[in-house]
Amino acid sequence: MALPIEDYAIIADTQTSALVGRNGSIDWLCVPRFDSGAIFAALLGTEENGHWTIAPASEFTVKRRYRDETLVLETEFETAEGVVRLIDFMPPRGEAPDVVRIVEGVRGEVPMRMDLRLRFDYGKVVPWVYREKDALVAVAGPDAAWLRTPVRTRGENMATRADFTVGPGEQVPFVLTWRQSHLPAPEPIDPVHELGITEGYWRGWVSACTYEGEWRDAVVRSLLTLKALTYAPTGGIVAAATTSLPEKLGGVRNWDYRFCWLRDATITLQSLLYSGFQSEATAWRKWLLRAIAGNPNELQIMYGVAGERRLDEYLADWLTGYDGNPVRIGNAAAEQFQLDVYGEVMDALHQGRRAGLKQDDPAWGLQVKLMDFVEAHWTDPDEGIWEVRGGPKQFTHSKLMAWVAADRAVKAVEEFGLAGPVDRWRQLRDDIRADILKHGYDKKRKTFTQFYGSEELDASLLMVPLVGFLPATDERVAGTVAAIEEHLMQDGFVQRYTQHRGTDVDGLPPGEGAFLACTFWLADNYALMGREQEARATFERLLSLRNDVGLLSEEYDIDEQRLVGNFPQAFSHVPLIDTARTLTTAHSHSPTDVRASELAED
């Protein structure tokens, strides 16, 4: 079985990424893109499905860190013989993706071992391996990989292995390069030179950061993680680096997150803009416009990193799964109707316009067409924010985001003088608001409910004050927060929604971890309500869940005290950035001044 999820760190070249374990093993790497086939898939299977381990030959203890504000990972192994340091990184993408590993002697003479098992197509295909000049070459079908190292290697049990010793001050490099098999061999790179270039790249990128509030280290690490999940050629940002890491150990709630969700658009854009990264925000906005171009009836909730629409889902049944969970490639939820994404898109483009991003493009014409669709379909049931597979319903959060779409359309006319049927949109906004308050709010229980006529609670309704629908001081917001505290909180963390016996909202067996984004939203609500001490305590509790190098997954298993879900997760790191900013602002201003007022004050 793979390591606990929290034992992994990410390295990346802004086109793909690898997960490196505390044991010195790279157990996940897809090339050349995030959503390509994995050449190391031990994360979701066994060692036989591909991994690359470099570690001491004897027992060791470990400590690790990223070098300053970079994605250069240092793992320090201490053994009875001495201390050795493993430096892992991916240089900014050149002609092909490279993974560089440099072993440095720190103290003593330390015997080391390397075990490389390349398995193409998600751990299924064993390549033919041969030597060509100074490289070891592995080839199968369209894939090829080159290993270059001064260390003598040998083939053994369908793997490439090496034994070597490192002394103080010595450096032993390994470079693995992937390329399509029909192309010539990639040019060799200088590992030490590339180390300097990579460090300089990340430090130069971080230098644009304008965030100076509390918890800066956590915010910067989250921004670096967001950058690591960026597909630079298009500006798309994937939800996570992995597929099929379970939301419940041993369960079936595991999905492929190596795609770009429209739902992430607004909060991602805001996080980048408010932190000083306007070029990344601009690139993300351009990706968004290209992805959604076309018939509004065909808008999807997610797309591939280049805007691809076909994300067909299948089971990789040759993999045993992270914890016996099914392994899914692709995501069938792309075909669902989720009304809320129209509001997310309208809000993202509105926030970009407010921030001064480019306005002389076809964005507004596209938004007008989106509003035509919202007007015609806002009363339709949908699958909702949580992408349930139990059938469409009248989800309250979806109606809330339809209201956001209308509200941002009105504001675009009022604030920027854009042309549109503003009176009709104002009426639409009023109609949706009245509908939500009549059907989505339970007056007896004093809380918003998951869907119309339901008794279920849903933490997505913590967004009510965050999008400006109601002020945080409204009794209906306070009642919803109180209900969530009573029924959805466990040990200070928030579950997504209630699942009472006899209900089948999501079409899946019950049980999953606490959803980290929801807990960040609760902290935001506390801050907006003036409950600063509770807001800060909740935020600090969330920060304590980060692993030793500052990374978060999607959820947290309270009973097992482990991170669960895909990793690292943009939808956890982006709210971290936003909540840190909210709390920093709340500390120096009155609660009504922060965040919600930036989003949608009438």
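**Close-ups of a predicted model**

**View 1. The β11–β12 hairpin, up close.** Glutamate 132 sits across from alanine 135 in β12. This is a predicted model, and here we look at a hairpin made by β11 and β12, with two residues between the strands. One residue to pick out in the turn is lysine 133, whose phi is positive at about 55°. Further along the ladder, valine 129 faces alanine 138 in β12. The two strands run antiparallel, and five bridges tie β11 to β12 (residues 135–140).

**View 2. Stepping back to the whole sheet.** The hairpin belongs to an open sheet of eight strands, ordered β6-β7-β8-β9-β16-β13-β12-β11, with antiparallel pairing. The edges are taken by β6 (61–66) and β11 (128–132); each has a single partner strand, so one side of each has no neighbour in the sheet. On average, neighbouring strands here are turned by 20° against each other, ignoring direction. Helix α2 (residues 191–206) packs on this sheet and touches β8 (82–89), β9 (98–108) and β16 (171–180). The direction of α2 makes about 65° with that of β8.

**View 3. Threonine 230 and its surroundings.** Threonine 230 is part of strand β17, which covers residues 230–231. Is threonine 230 buried or exposed? Its relative accessible area is 8%, so threonine 230 counts as buried, the cut-off being under 20%. Setting aside residues up to four places away in sequence, threonine 230 touches Thr14, Gln15 and Phe34, along with Gly235, Gly236 and Ile237.

**View 4. Leucine 418, in the loop between two helices.** Look for leucine 418 in the loop that links α8 (396–416) to α9 (422–439). With a relative accessible area of 21%, leucine 418 is partly exposed. Which residues does leucine 418 contact, leaving aside neighbours within four places in sequence? They are Arg353, Trp364, Ala412 and Val413. For a sense of scale, the C-alpha atoms of leucine 418 and arginine 408 are 12 Å apart, with ten residues' distance along the chain.

**View 5. Confidence along the chain.** The average pLDDT for the chain is 93, and 95% of the residues score at least 70. Residues 590–602 are a stretch to read with that score in mind: the pLDDT there is below 50. Even so, the model gives this stretch 40 contacts beyond near neighbours in sequence.

Terms used:
Residues numbered from 1 in each chain as written. Predicted model: local features only at pLDDT ≥ 70, side-chain atom pairs only at ≥ 80, totals over all residues. Heavy atoms only, no water. Pairing = 2+ DSSP bridges. Helix = DSSP H or I, 4+ residues; strand = E, 2+ residues; numbered from the N terminus. Axes fitted to C-alpha atoms, helices over the stretch in contact; angles between N-to-C directions. Contact = heavy atoms within 4.5 Å. Buried < 20%, exposed > 50% of the residue type's maximum accessible area, 1.4 Å probe, protein only. pLDDT = per-residue confidence, 0-100.
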